[in-house]
Amino acid sequence: MPFSTTLLPSVRSSAYRRAAASPAVRWLLLATVCYFLGNAARWAGVPAAHLLTALVVGVLASLSGATRSRFPIRANRSAQAVVGVLMGSYLDPAAVRSVIGSVGPLAGVTLVTVVLCLGVALVLPRLTRMSHGDAVLGMVPGGSAAIIACADDLDADSRVVAFMQYLRVAMVAASAPVVVLALHTTAHAGNPAHARPLESALLPDSLVLVNSPHVLGGLLVLAALCVLGSSVGRRLRLPAPMLLGPMLLTAVGVFTGAAHGFQPVGPLQDAVFVAIGLEVGSRFTRPTLRHVGRMLPHVLAAALAVCLICAALAGALAAAVGISFNDAYLATTPGGINAVLATAASVHSDVALISTSQSLRLFLVVMLSPLLIRWVTRYGTRSVRRHAA
């Protein structure tokens with residue numbers, strides 16, 4: 001009897017531990033599946049392959065009831081911090097110095113692009129049941145992963161934001177190579193991933209996690225930027241501190257030369273995008289899909305309008321700076337920075353100019369989004385009151 005009395009609590013505690021661990025194990029298995037599916041999608045040429053694949057898998061898992069628990073909060077916050085570091089690291093000082101003479105026109109086009117997207121975001125809530133916050137975050141060009149990751153912290157619906165952002169990213173990624181090649185680019189675009197058989201493409205090219213020969217040191221710097229940046233974000237009371245704090249601290253470290261060799265690459269970057277995609281996808285329900293589906297015509301028209309306006313701005317930039325329309329188009333196209341840079345490299349465009357323009361807009365958009373949401377929300381409230389009066 002004493003033996004059974006002593007044994008019973010341990011049996012119960014082990015059962016409780018197994019029950020508590022099962023959701024985490026289920027998410028880990030799902031993330032592993034998404035990682036390999038993302039590798040296959042990237043081999044097939046899908047833009048933002050791991051994030052989009054995880055988003056789709058997350059939606060399917062949520063609708064089928066395979067995931068009944070919420071995505072682990074700590075994993076989500078860690079992914080946000082790493083994405084913040086990644087976004088901050090895009091501002092390369094060497095690339096900025098190489099195009100210093102074009103910074104004025106680039107900054108002007110960037111500002112005009114953001115203002116135009118903001119104007120479209122003011123119109124969408126009048127045509128749909130979308131909130132002003134959803135419209136702003138869904139329409140801002142660039143930094144899709146960062147915008148989606150911080151949507152909830154900015155009181156926006158990450159599902160609607162993800163739908164709008166990746167609809168535009170898909171349009172940009174599909175159209176950019178076609179437009180560039182249609183304009184008689186001298187080089188031919190290609191996808192080096194297709195040179196590998198599918199079996200080997202499912203596996204990572206390498207196990208390098210950061211862009212440093214000293215992997216451990218790079219990982220330590222990355223961890224420090226995530227932890228310290230998150231702390232700075234909370235102390236400064238930034239919205240979405242887990243993302244914006246590391247992004248700010250990383251940008252300072254990059255420009256001062258205090259930090260280098262920490263940018264997440266390869267499997268680590270892919271795993272972070274998988275985490276963000278799964279977290280957002282798992283929030284979709286059947287009512288949400290019906291709601292998003294009703295918005296499709298308006299969102300599609302808005303994304304197409306923004307893309308066409310940016311193409312017109314590219315013509316103005318090409319004339320003002322004296323560069324080719326191809327370079328100007330890739331520098332101003334709204335969003336999908338990874339797909340745009342891959343296209344630029346494959347057709348031998350001016351990658352420094354394009355990456356600088358895209359990175360400056362990305363940084364500006366992510367930092368200004370909270371202020372833009374507050375302004376648009378106040379504007380919308382005043383407009384509603386005027387119509388009611």
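The following questions and answers concern a predicted model of a protein.

Reader: How many helices and how many strands are there in the protein?

Author: In this predicted model, the protein has 389 residues, of which 48% are buried. Residues 24 or more positions apart account for 77% of the contacts with a separation of 6 or more. As for secondary structure, the count for the protein is 16 helices and zero strands.

Reader: Which residues touch the most other members of the largest nonpolar core?
Author: The largest nonpolar core has 83 residues, and apart from it lies another core of 16 residues, among them Leu106, Val340, Leu353 and Ile354. One residue of the largest core is Met87, which touches Ala145, Ala146, Met247 and Leu362 when residues up to four places away in sequence are not counted. The residues of the largest core that touch the most other members are Val83, Met87 and Leu278.

Reader: How many of the 16 residues of helix H12 are buried?
Author: Helix H12 covers residues 266-281 and reaches 22 Å from its first C-alpha to its last, close to the 22 Å expected at 1.5 Å a residue. The helix is largely enclosed by the rest of the structure, because the number of its 16 residues that are buried is 13.

Reader: With which residue does Asp270 form a salt bridge?
Author: The structure holds two salt bridges, and in the one formed by Asp270 the closest N and O atoms are 3.2 Å apart. The pair links distant parts of the chain, 228 residues apart, with Asp270 in helix H12 and its partner in helix H1, residues 2-43. Asp270 counts as buried at 6% relative accessibility, whereas the partner, with a relative accessible area of 36%, is partly exposed. The residue that completes this salt bridge is Arg42.

Reader: How far apart are the closest N and O atoms in the salt bridge between Arg159 and Asp157?
Author: The structure holds two salt bridges, and Arg159 forms one of them with Asp157. Asp157 counts as partly exposed, because its relative accessibility is 21% and buried means under 20%. In this pair the closest N and O atoms are separated by 2.9 Å.

Reader: Is Ser282 buried or exposed?
Author: Ser282 is placed in the loop between H12 and helix H13, which covers residues 286-321. Not counting residues up to four places away in sequence, Ser282 touches Trp27, Gly58, Val59, Ser62 and Phe71. Its relative accessible area is 18%, and since buried means under 20%, Ser282 is buried.

Reader: What is the relative accessibility of Thr250?
Author: Thr250 is found in helix H11, residues 241-256, where the buried residues include Met247, Thr250, Ala251 and Val254. Not counting residues up to four places away in sequence, Thr250 touches Val85, Gly88, Ser89, Leu225 and Phe262. Thr250 counts as buried because its relative accessibility is 1%.

Reader: What distance separates the C-alpha atoms of Ser231 and Pro241?
Author: Ser231 is found in helix H10, residues 215-235, and counts as partly exposed at 26% relative accessibility. Pro241, by contrast, is among the buried residues of H11. The two residues are 10 residues apart along the chain, and their C-alpha atoms are separated by 7.8 Å.

Reader: Which residue, with a positive phi, follows H2?
Author: Helix H2 covers residues 49-64 and reaches 22 Å from its first C-alpha to its last, close to the 22 Å expected at 1.5 Å a residue. It is mostly covered, with 12 of its 16 residues buried, including His50, Leu51, Gly58 and Ser62. Just after H11, Gly257 takes a positive phi of about 75°, while after H2 a positive phi near 85° belongs to Gly65.

Reader: Which residues form a nonpolar patch on the surface with about 190 Å² of accessible area together?
Author: The accessible surface of the protein comes to about 18500 Å², and 68% of it belongs to carbon and sulfur atoms. One member of the patch lies in helix H5, residues 103-127, and is partly exposed, with a relative accessible area of 37%. In soluble globular proteins, nonpolar side chains tend to be buried together. The residues that form this patch on the surface are Val112, Leu116 and Ile309.

Conventions. Residues are numbered from 1 along each chain as its sequence is written. This is a predicted model: local features need pLDDT of at least 70, side-chain atom pairs count only at pLDDT 80 or more; totals for chains, interfaces and linings use all residues. Side-chain values use heavy atoms; hydrogens and water are left out. Helices (H or I, at least four residues) and strands (E, at least two) are DSSP runs, numbered from the N terminus. Buried means under 20% relative accessible area, exposed over 50%, partly exposed in between (1.4 Å probe, protein chains only). Contact means heavy atoms within 4.5 Å. Accessible areas come from the Shrake-Rupley method with a 1.4 Å probe; for residues, only the protein chains shown count as cover. The expected span of a helix is 1.5 Å times one less than its number of residues. A nonpolar core is a set of buried Ala, Val, Leu, Ile, Met, Phe, Trp, Tyr and Cys residues joined through side-chain atoms within 4.5 Å. Patches are made of residues with over 30% relative accessible area and no salt bridge: like charges are joined within 9 Å, nonpolar side chains (Val, Leu, Ile, Met, Phe, Trp, Tyr) within 5 Å. A salt bridge is a side-chain nitrogen of Lys or Arg within 4 Å of a carboxyl oxygen of Asp or Glu.
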